[in-house]
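Reader: I have a sequence and a model open on my bench computer. Could you show me how to read it, feature by feature?

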Amino acid sequence: EVIDPQMTSKLTTTLSQMYRQLSLSSRHQSDISNQQFGKLLDFGGQPIYHITHRAFMSANCIYTLVFNITKSIHDQVETRDGSFLHMTYLETMQEWLTSIVGSYESQKTITATINNAISTYSLPIVILVASYGDYFETQQQRLDKFNEFEKSLLDNLPNFRQNICSSKIIFNCNSQDKSDATKEDRLQCCIKLHNIIKEFVRSMPFMNTEDGIPTRWYIIATILHLADDDQDQNVFAKIKNLLSTTINKIMKLEDTRKIIMECGLFEDDDELHDMLLYLHDIGELIYCEMNKHDGIIITDLRWFLIILRDIIPLDDTNITNGEMISEYQKLKATGKMSIKFLDYILNNQKVTVTKVDRANIKQLFEHHDILCQIESGSGENLEYFVPYLLNPQIKPSDLAKFNVSSKIYIGYKDNKIDYIPDGIFYCLLTWCMKEWNHPKVQIYHQCVKYYLKKYRHYLIITKEKSHISIQYCYQKFNKSQQHCIDAVEESIYVHRPHEKIIKKLSTITTQKLPHFKGIDCQFYVKCVECDKFTQVESHSDQGCQVECQQCDFLADNPSVEDWMLYKKKSLSTGRNSQESSQNIEESCQNIEEIPGVPPPSSKDLSQYFFTIADGIGTTWTQLAARLDPKINVNTIKANHPLVFDQAMEFLKTWMNKHHATASLDQLTSALYDIGCQNIAKSLKNESYHDVKLNQAATSAINCLII
């Protein structure tokens with residue numbers, strides 16, 4: 001680009017004045033004390049903020065992970081208002097540590113002296129700090145609780161041992177305690193934490209380069225901060241007035257490059273990239289690299305955080321417009337944000353947001369999968385896909401009117417990543433939204449139901465801690481709608497959406513968690529015998545049979561069959577078997593019932609579970625109370641968001657527990673007791689249906705022999 005030489009001359013003179021001022025200031029600081037400064041960012045611990053953390057993370061950051069010393073690691077997380085999250089403290093720690101450690105690609109280690117002991121740590125560093133020490137009387141009690149929590153954490157998450165620094169720092173959090181002794185205790189805790197951080201900073205490789213950090217990088221950072229309205233009107237302000245390019249609080253990479261070129265401080269694109277990464281690492285700005293030649297830079301973090309907190313609100317406290325309160329309630333109920341609500345938030349900021357700022361913010365949010373446009377219209381009808389904002393109490397809809405496949409699961413090979421972070425899961429959901437973008441998308445707590453209009457079926461994707469489950473369901477078509485069933489078969493067997501999902505999860509993991517690059521995703525199914533996860537091979541000579549890696553049980557697996565992993569399945573004879581066997585039933589109508597036929601054994605009971613789960617709805621908990629009140633229904637609910645799956649899981653658990661005595665009579669009797677007579681009658685009809693079919697088949701063979 002052509003730069004005005006006269007302007008460059010003025011800028012050079014002004015920059016020389018700035019450099020002298022910075023040098024004098026630096027010498028003055030060193031005369032006072034050997035101080036070091038850093039930026040502290042407090043990440044919101046609420047789950048709805050997990051998706052936003054990626055924009056701020058850096059491998060060269062030092063993280064402090066604070067835990068409540070009064071809680072067990074397996075307790076549900078309690079918020080400040082006394083409510084409970086749908087996560088335990090262990091799951092929260094897994095969320096944080098997998099995201100933090102996963103963001104660092106290198107396997108570098110550093111050596112540091114912490115608490116008078118020399119230790120080796122893997123990057124990034126996570127310092128463990130405790131809170132609420134005031135709940136215990138003695139220091140020894142506090143240390144015992146700290147050690148207990150730390151041991152549970154490391155036992156459950158051994159892969160992160162090398163990253164965690166145990167500080168033994170325990171803060172008093174009683175805001176009413178203002179005694180001198182408590183003030184001194186807090187001060188000593190702060191000093192100890194500062195010293196640990198300082199020791200790690202001195203050992204960080206990016207702070208100890210052979211050539212040092214160029215002074216002009218700091219000058220460039222100062223220039224980029226001139227967008228801040230609070231800057232002093234001195235020599236720095238003169239530069240702002242001399243530049244032809246406006247310095248904004250959020251800018252494109254090309255505008256940043258132009259400003260640096262005008263100041264005569266530009267070397268090349270590689271050096272610019274290194275500088276922006278460094279300034280991002282030390283918290284001077286946010287650098288979002290879109291690709292090698294495109295990116296977004298946020299020069300004012302405070303300004304951006306104000307906007308971020310308003311766009312992702314915890315409640316409607318700051319919303320005064322009646323229509324927008326209604327839009328907020330709709331957002332919490334559906335997981336969809338209207339363009340009206342987004343524009344309202346951006347137009348009613350306490351800080352200035354220009355039209356250009358707005359466009360850059362939206363691009364940044366879309367890049368980090370914080371927003372995803374739904375193709376449901378334009379103008380005021382435009383909506384954004386924001387599943388993380390959904391009220392966690394929203395439960396999946398009943399699937400009783402659908403034919404539902406068995407679940408297939410996606411996890412990481414050999415369980416090398418034993419927890420899928422929200423940030424990864426929501427990125428996957430956003431990709432699926434782009435792939436199968438349709439306004440009929442239905443969003444539930446950590447579960448999304450996509451509509452594949454062309455193939456007349458839904459895909460249900462659910463996060464289940466260490467795995468992601470996928471199901472498909474479709475309307476119960478009649479014979480005249482065979483073409484619709486053919487479309488579902490074509491989708492699953494030919495276009496294979498499950499394989500697209502597993503490939504995309506691998507790609508997202510490589511991009512967002514480069515530390516785990518090279519770890520493949522794998523299909524899993526649940527063993528029909530022990531109900532534990534087992535890997536599914538990409539090719540098999542055993543048809544739909546799967547040998548469990550846990551219990552060695554070999555059997556046909558309904559998930560392998562439904563998802564047609566190895567061979568095509570005719571759905572016409574699957575879930576819709578009632579219609580396809582109608583002619584056979586009619587031919588059996590005159591066959592007398594066989595007296596004295598014994599009821600099915602417990603091994604055969606599983607064939608009736610679909611009928612029960614399909615019709616019982618939430619009443620399955622009453623059935624559980626009748627059959628075995630000791631089975632924990634809350635655990636089943638927590639692990640299975642869909643009511644159908646909850647009922648199926650209970651029935652499997654009950655049969656496994658009582659396999660020696662379980663009978664159809666027990667099931668039907670319990671169903672009558674809870675008012676589900678129709679289901680009970682249906683089971684009795686089914687129990688003799690198979691006998692009739694067998695007798696009809698035998699008669700047919702005899703006729704052929706004759």
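## Reading the model together

Author: Gladly! Keep in mind that this is a predicted model. Let us begin with the whole chain and then go to single features.

Reader: How many helices and strands does the protein chain have, and what share of its residues is buried?

Author: The protein chain holds 24 helices and 23 strands. Of its 706 residues, 48% are buried. You can also look at how far apart in sequence the contacting residues are. Among contacts with a separation of 6 or more, 68% are between residues 24 or more positions apart.

Reader: Now a sheet, please. What is the strand order in the open sheet of three strands?

Author: For a sheet, read the order, then the direction, then the edges. Here the order is β1-β6-β7, and the pairing is parallel. β1 and β7 (164-170) are at the edges with a single partner strand each, so one side of each has no neighbour in the sheet. On average, neighbouring strands of this sheet are turned by 25 degrees against each other, direction ignored.

Reader: How many bridges join β6 to β7, and which residue stands opposite valine 129?

Author: Strand β6 (residues 125-131) is joined to β7 by five bridges. Valine 129 has isoleucine 169 in β7 opposite.

Reader: Which helices lie across β1, β6 and β7?

Author: Helix α2 (residues 89-102) lies across these strands and runs at about 180 degrees to β1. Helix α3 (residues 139-156) also lies across β1, β6 and β7, at about 160 degrees to β7.

Reader: And how do I read a hairpin? How many residues lie between β4 and β5?

Author: Look at the pairing, the turn and the two faces. Strand β4 (residues 109-114) and strand β5 (residues 117-122) run antiparallel and are joined by six bridges. The hairpin has two residues between the strands, and asparagine 115 in the turn has a positive phi of about 55 degrees. Isoleucine 110 stands opposite tyrosine 121 in β5. The covered face of β4 has Ile110, Ala112 and Ile114, while Thr109, Thr111 and Thr113 form the uncovered face.

Reader: Let us turn to helix pairs. At what angle do α7 and α8 pack?

Author: For a helix pair, take the angle, the distance and then the residues that meet. Helix α7 (residues 253-262) and helix α8 (residues 269-281) pack at about 105 degrees, with axes 12 Å apart. That angle makes α7 roughly perpendicular to α8. In the contact, Leu253, Arg257 and Ile260 of α7 meet Asp269, Leu272, Met275 and Leu276 of α8. By class, that contact has five nonpolar, no polar and two charged residues.

Reader: Why might residues a few places apart in a helix point the same way?

Author: An α-helix has 3.6 residues a turn, so residues three or four places apart point the same way.

Reader: What about α14 and α15: how do their axes cross?

Author: The axes of helix α14 (residues 482-495) and helix α15 (residues 497-512) come within 6 Å and cross at roughly 45 degrees. The two helices are therefore oblique to each other. Ser491, Ile492 and His495 in α14 meet Pro497, His498 and Lys500 in α15. The classes in this contact are two nonpolar, three polar and one charged.

Reader: How many residues of helix α5 are buried?

Author: Count the buried residues against the length of the helix. In helix α5 (residues 215-224), eight of the 10 residues are buried, so the helix is largely enclosed by the rest of the structure. Among them are Arg216, Trp217, Ile219 and Ile220.

Reader: Finally, single residues. Is histidine 50 buried or exposed, and what does its side chain join?

Author: For one residue, read its place, its accessibility and its partners. Histidine 50 is in the loop between α1 (5-32) and β1 (62-68). Histidine 50 is buried, at 6% relative accessible area. A polar contact of 3.1 Å links its side chain with that of aspartate 422. Gly45, Met87 and Glu95 are also among the residues that histidine 50 touches.

Reader: And tyrosine 278: where is its place, and which side chain does it join?

Author: Tyrosine 278 is in helix α8, and it is buried, with a relative accessible area of 6%. Its side chain has a polar contact of 2.6 Å with that of tyrosine 218.

Conventions. Residues numbered from 1 in each chain as written. Predicted model: local features only at pLDDT ≥ 70, side-chain atom pairs only at ≥ 80, totals over all residues. Heavy atoms only, no water. Helix = DSSP H or I, 4+ residues; strand = E, 2+ residues; numbered from the N terminus. Buried < 20%, exposed > 50% of the residue type's maximum accessible area, 1.4 Å probe, protein only. Polar contact = N/O pair within 3.5 Å; in protein donor to acceptor, adjacent residues only side chain to side chain. Contact = heavy atoms within 4.5 Å. Axes fitted to C-alpha atoms, helices over the stretch in contact; angles between N-to-C directions. Parallel < 35°, antiparallel > 145°, perpendicular 65-115°, else oblique. Nonpolar A, V, L, I, M, F, W, Y, C, P; charged D, E, K, R; others polar. Pairing = 2+ DSSP bridges.
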